[in-house]
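Biologist: I'm new to this one, so could you walk me through it? Let's put it on screen and start with the strands.

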Amino acid sequence: GTVDRPGMTFEQRLHTWQQHGYITHFMTGIAWREYQDYFTGKWDGRWHLDEGQKQLNGDTIWHGHLVPYIVPTQNYLKYFKERQVKRVIDAGVDAIYLEEPEYWARSGYSDAFKREWLEYYGFPWRPQHESAENTYLSNKLKYHLYYRALKEVFTYAKKYGRSKGMNVRCYPSLQRVR
């Protein structure tokens, strides 16, 4: 990730590798990572922990402290492009790997997911545990959300890279449903 460490920024860490002759690429998680500046509102003044994936009982599925597995909303994708992808390209990275675009099978109950459902299907959310059809619709939407996320982020990376005279290569990992 692009998180600065004590005494060294992301860019400084990257350049130390480059100075030793390494070709630097960038790999980060798109479903979770240390994006507390997004979740806690430092990026846009609004908390976004409500965009974490939730289970039937209302519990958020966490990867760590203040690190939920995310519902990749349009706002999150805007953040990801501006704060992650732009920064690594500005630092000279021309290959980006987005790992683990994953959605938990037991998730699909957050307000963010319900909003995405309404936008995608055009009718109110239906709990996946109530029928096989609802489970199918829920999983179809989960797939769509991460397909859209990868497509939008990679399209942005390539376009932004071209504007800087770079050919940015983009690689997804396999999507997993847990």
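Biologist: Which residue in strand 5 stands opposite Leu98?

Modeller: First, this is a predicted model, where local features need pLDDT of at least 70, side-chain atom pairs count only at pLDDT 80 or more, and totals for chains, interfaces and linings use all residues. Residues are numbered from 1 along each chain as its sequence is written, and side-chain values use heavy atoms, with hydrogens and water left out. Strands here are DSSP runs of E, at least two residues, and helices are runs of H or I, at least four, numbered from the N terminus. Opposite Leu98, in strand 5, stands Pro172.

Biologist: In what order do the three strands form the open sheet?

Modeller: Two strands pair if DSSP finds at least two bridges between them. Strand 4 (residues 95–99) pairs in the parallel sense with strand 1 (residues 26–29) over four bridges, and with strand 5 (residues 169–172) over four bridges too. Strand 1 and strand 5 are the edges, each pairing on one side only. That gives the order 1-4-5.

Biologist: What angle does the direction of helix 5 make with that of strand 5?

Modeller: Axes are lines fitted to C-alpha atoms, for helices over the stretch in contact (heavy atoms within 4.5 Å), and angles run from 0 to 180 degrees between N-to-C directions. Helix 5 (residues 132–163) packs on the sheet, touching strand 4 and strand 5. Its direction and that of strand 5 make about 165°.

Biologist: Does Lys81 count as buried or exposed?

Modeller: Lys81 is found in helix 3, and among the residues it touches are Glu152 and Tyr156. Buried means under 20% relative accessible area, exposed over 50%, and partly exposed in between, with a 1.4 Å probe and protein chains only. Because its relative accessibility is 17%, Lys81 counts as buried.

Biologist: Which element gives the most residues to the largest nonpolar core?

Modeller: A nonpolar core is a set of buried Ala, Val, Leu, Ile, Met, Phe, Trp, Tyr and Cys residues joined through side-chain atoms within 4.5 Å. The largest one has 46 residues, and Ile30 and Leu98 are among those that touch the most other members. Helix 3 and strand 4 are among the elements giving two or more residues. The top contributor, with 10 residues, is helix 5.

Note on methods
Lists of a residue's contacts leave out its neighbours within four places in sequence.
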